[in-house]
Amino acid sequence: MYFDAASTAPLHPVARQALTAALDEGWADPARLYRSGRQARMLLDAARETVAAVLGTRADEIAFTASGTQAVQLGLLGALAGNRRRGGHFTHSAVEHSSVLHVAERHLAGGGEVSVAPVDRGGRADPAAFGALLRPDTALAALQSANHEVGTVQPVGEVAELCAAAGVPLLVDAAQSAGRVDVPAGWSLLTASAHKWGGPPGVGVLAVRKGVRYASPLPADEREGGRVPGYVNVPAIVAAAASLRAVRAEAERENSRLHALVERIRTRVPQLVPEVEVVGDPVRRLPHIVTFSCLYVDGEVLLTELDRAGFAVSSGSSCTSSTLTPSHVLAAMGVLTEGNVRVSLPYGTAEADVERFLAVLPDLVAGVRAPLGLDLPAPGPAPEPEPAARESLLVIDALGKRCPLPVIELAKRIGEVPLGGTVAVLADDEAARLDIPAWCGMRGQEYAGEAPAAEYGGDRGSAYLVLRRS
C-alpha cells in the first residue's frame, strides 16, 4: 500500500497516455521552424496554457524547470537579484522546504540578512508575526502554501496582503497543494512540482507575475523566457499539464473522500496506540496528509516494520535523514522529532487499505517498544508534591546515546524521584534538546530548561532538567 504521495504521487493514467503520445509527436526541438519543430512548439504552448489556466496566471508568466526544487531556487535567487536595490533582507517561515533554507544559507554567506517567522504547535505561521519581520529593505518573502511534512495550510492570503502593503514580493511554494486545492491569491512568484500531483518527475513550474522584478541568477539563455536555461522536455511537460488538468477536475470528489480517510487515521491512531500525538493543524490542513509521533520509537525501525507489512510511508525523524539531524519542521513546531510517521494518501486510496493500516499499526508499534520494558499508563491528574521532594535529584547519564534512547531512559526512571523531584538527563545528542521538552508536554511533566552537563558530573553535552508532576 503506497501511502507516500507527499514525496511523489503515482503516475496518473492521463499522464501516461499523454507522455506516450507526446513522445511520438513532440520529440523535436520546439525552437526550430521545420514541421516537427513547429509540432513540438504547439504542444509546448498548449501545455503552458493549460498549466496557466489551472494555476490562475498568464501563459507568458509560466516557465518550466527540471524540478520543483530548481523552480524554488531559481525563483528565490532571481527575485533577490532583481530587488537588490531595495535591500538585502529576506524573510521566510520556519517550516519552509529545505530548498528555501539552502537559498537562505547562501544569501547569508553572501552578506545578506535573513529573518525567520516562527510557527505555532500546529505548524502554522502567524500573519502578524510574519508581517512584523518585513522591513523597508526586505527584498523578498517566502511562504509555502501548505507544509510538506504535516499538511498544515498556511495563511498565504493574509501574508500576501501584508507583503503587498509593504511593497515586498512574495514567493509561494505550492508543491503540495497545486492540483489538489485552489492556488492562494496574492503571490508574486509561484512554484510547483509535477510529480507531486501525478505528473512525471523532472518537471517543475516557476511562475513570475508581470511587473515583478526578476533577474536570472544564471547566464543568459533564450529558452523559457530567459529564466531557465537548457533544452525543454516537451513530452514530460505535456504529460505534466494533462495530469494537472485531470487531477484538478477530480479534486473536489477525491479531496472529500481522502479527507474522511485521513480524519479516521487522526482519530483512531491515538485510540489504538498509547503515547501518540497527532501533529499539524487539525482543521486547516491538506486533505491527504496526516503525521503522528510515537514516543519511545525509532522512526527508521518503525518505517522498516511498516514496509515489511506492506505499507510505504515516510517520516520526519532524524533517523531517516541523510544528515542525521532532526526535522527542522517538527523542531520549529516544538513537537517530538523522533518516531514520526507521515501518511499521505494518493488519489484512489481505498478505505479497506486504511483499515488494514489501522489494524496492523498497534502491534507493530508494540513490537518496536517491547524490548524497552516500558509501562505506558495514561497520565492522570497531577497530585501536589511534598515540599521535601523539591530537593530530590536523579541524574541520568545518556551521554553518547542517540535519541530516542535518552528519552527512553527518562521515561523508565522518572518514577525513582518523588512528585516534585528533579531529573537531570545528560545528553550530547542535539535531538534531546527538542525531544525531552516534547516528551514532557505529552506526559504531563514539567520541563525546567537545560544547564551545562558539567554541573551534574558530565564531561560534555548538556543537562536537561525535568520536574516530576505526575
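In this predicted model, the side chains of Asp-60 and Arg-58 come together in a salt bridge, with 2.7 Å from N to O. Neither partner is hidden from the surroundings: Asp-60 is partly exposed, at a relative accessible area of 41%, and Arg-58 is likewise partly exposed, at 46%. This pair is one of 25 salt bridges that the structure holds, and several of the others deserve a closer look.

A second pair consists of Arg-121 and Glu-277, whose closest N and O atoms are 2.9 Å apart. Arg-121 sits in the loop between β3 (113-117) and α5 (127-132), while Glu-277 belongs to strand β8 (residues 276-279), so this salt bridge ties together parts of the chain that are 156 residues apart in sequence. The surroundings of the two partners can be given separately: Arg-121 is partly exposed, with a relative accessible area of 38%, whereas Glu-277 is buried, with a value of 17%; the assignment follows because buried means under 20% relative accessible area.

A further salt bridge joins the side chains of Glu-275 and Arg-443, at 2.6 Å from N to O. Here, too, distant parts of the chain are linked, since Glu-275 lies in the loop between α8 and β8 and Arg-443 in helix α13, 168 residues apart. Glu-275 is buried, with a relative accessible area of 11%, and Arg-443 also counts as buried, at 12% relative accessibility. Elsewhere, salt bridges that share partners join Asp-29, Arg-32 and Arg-223 into one network.

Strand β8, which carries Glu-277, leads to the sheet of three strands. This sheet is open, has the order β8-β9-β10, and is paired in the antiparallel sense. Its edge strands are β8 and β10 (340-344), each of which pairs on one side only, and neighbouring strands are turned against each other by 25° on average when direction is ignored. Five bridges connect β9 with β10 in antiparallel pairing, and within this pairing Ile-289 has Ser-344 of β10 as its bridge partner. Helix α8 packs on the sheet, where it touches β8, β9 and β10, and the direction of the helix makes about 10° with that of β9.

What surrounds His-288, if residues up to four places away in sequence are not counted? This residue is found in the loop between β8 and β9 (289-294), and it is buried, with a relative accessible area of 1%. With those sequence neighbours left aside, His-288 touches Gln-176, Arg-180, Leu-258, Val-262, Val-343, Ser-344 and Leu-345. Ser-344, named among these contacts, is also the bridge partner of Ile-289.

From here the path can turn to the nonpolar interior. The largest nonpolar core has 53 residues, and those that touch the most other members are Val-51, Ile-62, Phe-64, Leu-170, Trp-197, Val-205 and Met-333. Helix α8 (residues 234-272) gives the most to this core, with 10 residues. Apart from this core lies another, of 29 residues, which includes Val-262, Val-290, Ala-309 and Phe-311. For Ile-62, the contacts beyond four places in sequence are Arg-48, Val-51, Ala-52, Leu-55, Thr-57, Val-205, Leu-206, Ala-207 and Glu-224.

The remaining sheet is built from four strands in the order β11-β12-β14-β13; it is open, and its pairing is mixed. The edge positions are taken by β11 (393-397) and β13 (446-452), each pairing on one side only, and the twist averages 20° from one strand to the next. Strand β11 runs parallel to strand β12 (residues 422-427), to which five bridges join it, and Leu-393 has Thr-422 in β12 as its bridge partner. Helix α12 (residues 405-413) packs on this sheet, touching β11, β12 and β14 (462-467), with its direction at about 145° to that of β11.

Which residues of β11 point to the face where side chains are buried? Leu-394 and Ile-396 point that way and are buried, while Leu-393, Val-395 and Asp-397 point to the other face and are not. The chain then crosses from β11 through α12 to β12, and this β-α-β crossover is right-handed. Helix α13 (residues 431-443), for its part, lies across β12, β13 and β14 and runs at about 5° to β14. This is the helix that contains Arg-443, so the salt bridge with Glu-275 described earlier brings the account back to the loop between α8 and β8.

Technical notes:
Residues are numbered from 1 along each chain as its sequence is written. This is a predicted model: local features need pLDDT of at least 70, side-chain atom pairs count only at pLDDT 80 or more; totals for chains, interfaces and linings use all residues. Side-chain values use heavy atoms; hydrogens and water are left out. A nonpolar core is a set of buried Ala, Val, Leu, Ile, Met, Phe, Trp, Tyr and Cys residues joined through side-chain atoms within 4.5 Å. Buried means under 20% relative accessible area, exposed over 50%, partly exposed in between (1.4 Å probe, protein chains only). Helices (H or I, at least four residues) and strands (E, at least two) are DSSP runs, numbered from the N terminus. Contact means heavy atoms within 4.5 Å. Two strands pair if DSSP finds at least two bridges between them. Axes are lines fitted to C-alpha atoms, for helices over the stretch in contact, and angles run from 0 to 180 degrees between N-to-C directions. A salt bridge is a side-chain nitrogen of Lys or Arg within 4 Å of a carboxyl oxygen of Asp or Glu. A crossover is right-handed if, with the strands pointing away from the viewer, the path from the first strand over the helix to the second runs clockwise.
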